[in-house]
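The following exercises are to be worked through with the sequence and the model open side by side. Each task is followed by a solution that goes step by step.

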Amino acid sequence: MPEPTAGAPGDDDAAVNSLRTAVMRLSRRLRHQRVDESLSPTEMSVLGTLARCGSATPSELARKEHVQPPSMTRIVAMLEAKGLVRLGPHPDDRRQKVVTQTERAESMLAASRTKRNAWLAELAGQLDDDEWAKLRDAAPVLEKLAHL
């Protein structure tokens with residue numbers, strides 16, 4: 001954590017606690033704005049990782065998603081059975097497979113993103129101009145935190 005600022009003692013602790021609870025509550029509410037209820041949050045997260053990072057091996061996905069490789073193997077198998085990913089040969093290592101999302105996954109993710117963005121925009125519409133400006137300015141910092 002950065003060095004405390006000139007605020008009152010405990011201000012940083014209170015801010016961290018407030019940020020944690022707000023992010024968790026908002027995340028939980030966003031998860032309920034899914035387009036396809038048949039997918040688990042973990043499956044959606046894997047599809048999102050593939051959309052952001054491109055094709056990957058199951059081992060690479062496991063590292064990015066912070067799960068064990070056997071768990072990722074099961075997740076990939078479920079996504080493949082649902083027609084959302086396909087497995088192809090690895091270009092350099094015949095023992096490995098590469099996971100790629102399908103067009104169906106891309107369109108489902110786009111619909112999900114649209115629904116969640118609309119829901120969040122509706123919430124943000126209830127903020128005043130100053131609150132919205134602060135939130136807009138904080139977005140890149142929150143994005144950085146999410147990827148540290």
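**Exercise 1.** Locate Thr 49 among the secondary-structure elements, and then describe its surroundings.

*Solution.* Thr 49 is found in helix α2, where helices are DSSP runs of H or I with at least four residues, numbered from the N terminus. This is a predicted model, in which local features need pLDDT of at least 70 and side-chain atom pairs count only at pLDDT 80 or more, while totals for chains, interfaces and linings use all residues. Residues are numbered from 1 along each chain as its sequence is written, and side-chain values use heavy atoms, with hydrogens and water left out.

Next, consider accessibility: Thr 49 has a relative accessible area of 3% and is buried (under 20%; exposed is over 50%, partly exposed in between, with a 1.4 Å probe and protein chains only).

Finally, leaving aside neighbours within four places in sequence, Thr 49 is in contact with Gly 54, Leu 61, Lys 64 and Glu 65, contact being heavy atoms within 4.5 Å. With Glu 65, the side chain of Thr 49 also forms a polar contact of 2.3 Å (N or O atoms within 3.5 Å, one able to donate a hydrogen and the other to accept it; residues adjacent in sequence count only if both atoms are side-chain atoms).

**Exercise 2.** Determine which residues of α4 are buried, and what they pack against.

*Solution.* In α4, which covers residues 69–81, the buried residues are Met 72, Ile 75, Val 76 and Leu 79. They fall within an arc of 100° seen down the helix axis, so they line one face (the arc is that of the directions from the axis to the C-beta atoms). These buried residues pack against α2, α3, β1 and β2, whereas Arg 74 and Ala 81, on the other side of α4, are exposed.

Technical notes
Helix = DSSP H or I, 4+ residues; strand = E, 2+ residues; numbered from the N terminus. Expected span 1.5 Å × (residues − 1).
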